[in-house]
Amino acid sequence: MLKLAVLVSGGGTNLQAILDAIDRGDIKNARVEVVISNNRDAFALERAKKHNIEAQCVSPRDYDDRGAFHLALLKTLDSYDVDLVVLAGFLVVIPQEMIDKYRNRIINIHPSLIPSFCGTGYYGLKVHEGVLARGVRVTGATVHFVDEGTDTGPIILQKAVEVHNGDTPEILQRRVMEQAEWVILPRAIDLIANDKVSVEEGRVVIA
Ligand code: GRF
């Protein structure tokens, strides 16, 4: 049984997709042990509580400096002894000590087809604003392992989504979430939970 920690900052629709997929049996051999947010107002915490899952808030506001916050975040995560950390709309830069301790055991969902529209400054609606400004006809979402860079770790799954005439960033974000994020994040977790994913020479191999 793969024990998961899901880290969130906002509405938690990706968390909900994971919980629903577990309940439907689309994710096998995995269980969410804890949901951790940096934002005490994150609705994702309500979703966890409704599902009788431990919900923890580790807010930077409660610590004197960034280092103390990082330490508290890592201590809280470590206390649950999980196998995989899932960043589901988590807007905190992952500290190096966490990357080191959970090497190839942290995954992230990014709302574009990496390497397009990713990296510093590309998060949330800003991604879709960039897509519309560039005029690309296809966008999508990516699940990848987290490494030292921003959106640079080995890619696990991607799914393409069409851009429509008249799309606003909000309409496009919703389509990317519905058609891509909420599909490939649960699928990636199921693959990992059933030993179908390995990383060879920096690239993901799916059995
Ligand atoms: C999603 O757009 C996701 O791609 C991005 O942050 C947003 C979080 O959405 N990483 P939610 O909190 O899962 O609803």
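This passage describes the ligand site of a predicted model, the pocket that holds the ligand, and two backbone features of one loop.

The ligand occupies the largest pocket. Its surroundings were examined first. The shell around the ligand comprises Gly10, Gly11, Gly12, Thr13, Asn14, Gly89, Ile109, Pro111, Gln173, Met177 and Glu181. By class, three of these shell residues are nonpolar, seven are polar and one is charged. Two elements each give two or more residues to the shell: helix H1 (13-24) and helix H6 (169-193). The greatest contribution comes from H6, with three residues.

Polar contacts to ligand oxygen were found at several shell residues. Two of them involve the protein backbone. At Gly11, a polar backbone atom is 3.4 Å from an oxygen atom of the ligand. At Asn14, a polar backbone atom is 2.9 Å from a ligand oxygen. Glu181 takes part through its side chain instead. There, an N or O atom is 2.7 Å from an oxygen atom of the ligand. Taken alone, the ligand exposes 360 Å². The protein buries 88% of that area.

The pocket itself was then characterised. The largest pocket contains about 920 Å³ of space. Its lining consists of 40 residues. Those nearest the centre of the pocket are Gly89, Phe90, Leu91, Asn108 and Tyr123. Gly89 also belongs to the shell around the ligand. In the lining, 16 residues are nonpolar, 20 are polar and four are charged.

Both helices and strands supply the lining of the largest pocket. The helices with at least two lining residues each are H1, H4 (96-101) and H6. The strands that meet this mark are E5 (106-110) and E6 (138-145). H1 and H6 thus appear again, as elements that also give two or more residues to the ligand shell.

Two backbone features were noted in the loop that follows E5. This loop lies between E5 and helix H5 (125-134), and Pro115 is placed in it. The peptide bond that joins Ile114 and Pro115 is cis. Its omega angle is about 15°. Phe117 is also placed in the loop between E5 and H5. Phe117 has a phi near 50°. This value is positive, in a residue other than glycine.

Definitions and conventions:
Residues are numbered from 1 along each chain as its sequence is written. This is a predicted model: local features need pLDDT of at least 70, side-chain atom pairs count only at pLDDT 80 or more; totals for chains, interfaces and linings use all residues. Side-chain values use heavy atoms; hydrogens and water are left out. A residue is near a molecule or strand if one of its heavy atoms lies within 4 Å of it. A polar contact is a pair of N or O atoms within 3.5 Å; within protein, one must be able to donate a hydrogen and the other to accept it, and residues adjacent in sequence count only if both atoms are side-chain atoms. Accessible areas come from the Shrake-Rupley method with a 1.4 Å probe; for residues, only the protein chains shown count as cover. On a 1 Å grid over the protein atoms alone, a cavity is a set of points where a 1.4 Å probe fits but cannot get out, and a pocket is an open set with protein on both sides within 12 Å along at least five of seven lines; lining residues have an atom within 4 Å of a point. A molecule sits in a cavity or pocket if more than half of its atoms lie within 2 Å of its grid points. Helices (H or I, at least four residues) and strands (E, at least two) are DSSP runs, numbered from the N terminus. Ala, Val, Leu, Ile, Met, Phe, Trp, Tyr, Cys and Pro count as nonpolar, Asp, Glu, Lys and Arg as charged, and the others, Gly among them, as polar. Grid points are joined across faces, edges and corners, and a volume is the space filled by probe spheres set on the points.
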